[in-house]
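These entries record what I looked up in the structure shown below. I take the contacts between helices as my starting point.

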Amino acid sequence: MKNRIEIVGVGMTRAAEEWELGLLDIAIKAAGMALDDAKCDKVDAVVVANALGGALGDQQNLALHVASGLGLEQVETFSVSCDEASGGSAVRLASALIVSGMHETILVVGAEKTSDALPDMLETVRAAGLDSANETSFGFSPTIAAALGMQQYLSTYKLDKELFFHIAKVAHAHGATNRNAMFRWTLEPAQYNKSPIVATPLSVCDNAPPCDGAAALVVKKASAQTSRVCILGSANVAVEKGIVHPITRLSLPAATESAKAAWSESGCDRSAMSFFELHDSNAFLAILSIEAVGLAEPGEALMRAAAGDFHLKGPSPLWTFGGHKSRGHAPGAGGIYQIVEAVLGLRGDAGENQVLNADKAMVQCLGSFGAQAVTHVLG
Amino acid sequence: MQIAKSWRRQPSNLRLEGTRCTACGHLAFPATIRCRQCGQAEFDVYQFTGFGEVVVSSIVYEAPRDFGEHVPYCAAVVRLEEGISIATMITDVDPEDVSPGMPVEMVTRRIAAQGDKGPILYAYKFAPLLENQ
């Protein structure tokens with residue numbers, strides 16, 4: 001990237017059910033942490049990612065309210081809503097505003113509040129990122145689409161469902177040592193196998209748990225001699241919508257092309273990445289993401305997980321803080337959580353979740369069941 | 001689904017009508033107003049036959065709001081004989097008996113109701129093809 005962006009501050013709240021805090025509260029809390037980390041009290045713009053707030057009847061135009069709550073005056077505000085790709089898209093937008101010369105320093109926040117909604121209402125609103133007229137209105141949701149995809153994957157590659165345990169196992173192994181994670185425990189096969197079925201063959205353990213949470217970054221144009229973590233490349237790719245495409249093709253072309261473009265811009269390739277943060281809102285999108293970016297051949301993601309490839313000390317460390325599955329899934333904030341966690345890993349500040357000698361990372365979030373993919377290469 | 005939206009969608013929901021681009025022949029379901037293949041905006045109405053086969057199916061035990069009355073129901077991807085795949089429910093059969101390759105046909109059924117006093121959406125589902133067909 002010719003005009004590199006540096007990340008000068010990060011912050012995140014715990015992923016949890018925050019009964020005493022509202023959407024705006026957790027957004028401001030994470031934003032304040034990032035501003036403190038950056039030792040910064042003035043920004044030119046505020047970009048806020050949120051996927052569900054408006055549809056749940058909470059807060060729309062969240063960026064304006066976050067800026068106001070922080071006492072930031074005379075700033076430009078943008079609210080970004082791109083389903084579960086909102087976080088990555090918000091960072092892309094902030095980068096573009098800086099590279100264009102329009103602004104110098106930008107606060108980027110991702111926030112989501114899911115716990116106020118009853119489960120069936122939450123599932124309905126999450127489904128609004130799909131095709132509302134042809135999928136949501138007919139009783140489909142991301143969870144049901146993932147179940148169909150898992151079934152198709154198992155049938156096509158002639159695999160046993162129990163192999164999906166290894167995907168959840170990796171996430172929980174890493175989330176167990178993340179103090180911000182919602183589920184800080186390792187997962188055993190017995191727990192996985194008795195997990196209630198939501199839609200065959202998908203069980204509760206194959207889905208990331210919805211949570212409340214917010215994460216934030218302060219970004220600015222990198223100085224020539226910066227030693228901070230920078231955005232080396234990024235890309236946002238959209239392809240034909242429709243849940244039937246990933247289910248029937250068992251591939252995510254948006255994820256593949258987005259990764260290629262981001263790597264190309266960064267001047268690096270997959271082999272240069274120290275670790276990966278991919279989209280794991282459910283086990284189906286998780287395994288297709290793994291295959292889309294080349295961490296496993298088609299049909300082999302589960303075997304690679306079982307072989308230990310994705311553990312912190314494996315050849316391709318993945319979900320280093322537990323991913324959405326163990327940390328918790330705050331849909332509109334997930335992309336920012338991923339980047340904040342990657343920054344900690346690249347700074348050497350990841351504690352027990354540290355990948356040794358990490359100097360580059362790839363982060364990718366997906367929207368509308370994989371029809372959109374936003375990738376960032378950091379280093 | 002709102003009443004106006006349901007009314008607007010009647011041709012596709014009740015008759016499985018889509019469009020065929022007059023320039024390139026590309027079929028679309030549901031109907032489109034601009035061909036995603038060639039960019040033209042002139043179409044013939046195309047009546048899909050309503051026959052197809054199950055690609056993959058799932059039995060749903062936890063449904064989104066307004067669909068709880070159907071649980072457990074069979075969600076599926078059906079490939080129409082014209083080659084287009086759609087997400088739909090399979091009906092008139094025990095969900096356990098649905099399998100890939102099963103021949104199915106379009107039927108009109110109750111999809112969802114918005115509470116006790118809200119509108120009821122009727123639209124397509126797919127049922128196993130009768131043997132004499």
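Entry 1. I count two residues as in contact if their C-beta atoms, placed from the backbone, lie within 7 Å. On that basis I find that A:L24, A:A27, A:I28 and A:A31 of helix α1(A) meet A:L62, A:H65, A:V66 and A:G69 of helix α2(A). Sorted by class, this contact has six nonpolar and two polar residues, and no charged ones. I note that the model is a predicted one.

Entry 2. I then looked up the geometry of this pair. Helix α1 of chain A covers residues 23–37 and helix α2 of chain A covers residues 62–69; their axes come within 10 Å and cross at roughly 60°. That angle makes α1(A) oblique to α2(A). The crossing in which α1(A) passes α2(A) is right-handed.

Entry 3. I turned to a second helix pair in chain A. Helix α3 (residues 86–99) and helix α13 (residues 334–347) of chain A pack with their axes 5 Å apart, at an angle of about 70°. Angles of 65 to 115 degrees count as roughly perpendicular, and α3(A) and α13(A) are therefore roughly perpendicular to each other. From α3(A), the contact takes A:S86, A:G87, A:G88 and A:V91; from α13(A), it takes A:G334, A:G335, A:I336 and A:I339. By class I record three nonpolar, five polar and no charged residues in the contact of α3(A) with α13(A).

Entry 4. I examined the sheet of chain A. It is an open sheet of nine strands with mixed pairing, in the order β3-β2-β4-β7-β1-β8-β11-β10-β9. Strands β3 (76–80) and β9 (275–277) of chain A stand at the edges with a single partner strand each, so one side of each has no neighbour in the sheet. From one strand to the next, the twist averages 25°.

Entry 5. Within that sheet I followed one strand pair. Strands β10 (residues 361–367) and β11 (residues 372–378) of chain A run antiparallel and are joined by seven bridges. For A:V363, I find A:H376 in β11(A) as the bridge partner. Helix α9 (residues 253–266) of chain A packs on the sheet and touches β8 (230–238), β10 and β11 of chain A. The direction of α9 makes about 150° with that of β8(A).

Entry 6. I moved on to chain B. Its secondary structure comes to two helices and eight strands, and the two helices precede the strands when the elements are read from the N terminus. Its C-alpha atoms fill a box of roughly 45 × 40 × 25 Å along the principal axes. Of its 133 residues, 33% count as buried. Among contacts in chain B between residues at least 6 apart in sequence, 47% join residues at least 24 apart.

Entry 7. I looked up where the chains meet. In chain B, 27 residues are in contact with 27 residues of chain A. Strands β4 (51–60), β5 (73–80), β6 (85–90) and β7 (103–113) of chain B each give two or more residues to this side. By class, the side of chain B that touches chain A has 19 nonpolar, five polar and three charged residues.

Entry 8. I closed with one residue, A:L148, which lies in helix α5 (residues 142–157) of chain A. Is A:L148 buried or exposed? I find 29 other C-beta atoms within 10 Å of A:L148, so this residue is buried. Leaving aside residues up to four places away in sequence, A:L148 touches A:I247, B:V56, B:S58, B:A75 and B:V77. From A:L62, A:L148 is 86 residues away in sequence and 34 Å away in space, C-alpha to C-alpha.

Terms used
Residues are numbered from 1 along each chain as its sequence is written. Chains are lettered from A and ligands numbered from 1 in the order in which they are written. This is a predicted model: local features need pLDDT of at least 70, side-chain atom pairs count only at pLDDT 80 or more; totals for chains, interfaces and linings use all residues. Two strands pair if DSSP finds at least two bridges between them. Helices (H or I, at least four residues) and strands (E, at least two) are DSSP runs, numbered from the N terminus. Axes are lines fitted to C-alpha atoms, for helices over the stretch in contact, and angles run from 0 to 180 degrees between N-to-C directions. A residue is buried if 20 or more other C-beta atoms lie within 10 Å of its own, exposed if 12 or fewer, and partly exposed in between; C-beta atoms are placed from the backbone. Ala, Val, Leu, Ile, Met, Phe, Trp, Tyr, Cys and Pro count as nonpolar, Asp, Glu, Lys and Arg as charged, and the others, Gly among them, as polar. Angles under 35 degrees count as roughly parallel, over 145 as roughly antiparallel, 65 to 115 as roughly perpendicular and the rest as oblique. A crossing is left-handed if the near helix is turned anticlockwise from the far one by less than a right angle, and right-handed if clockwise.
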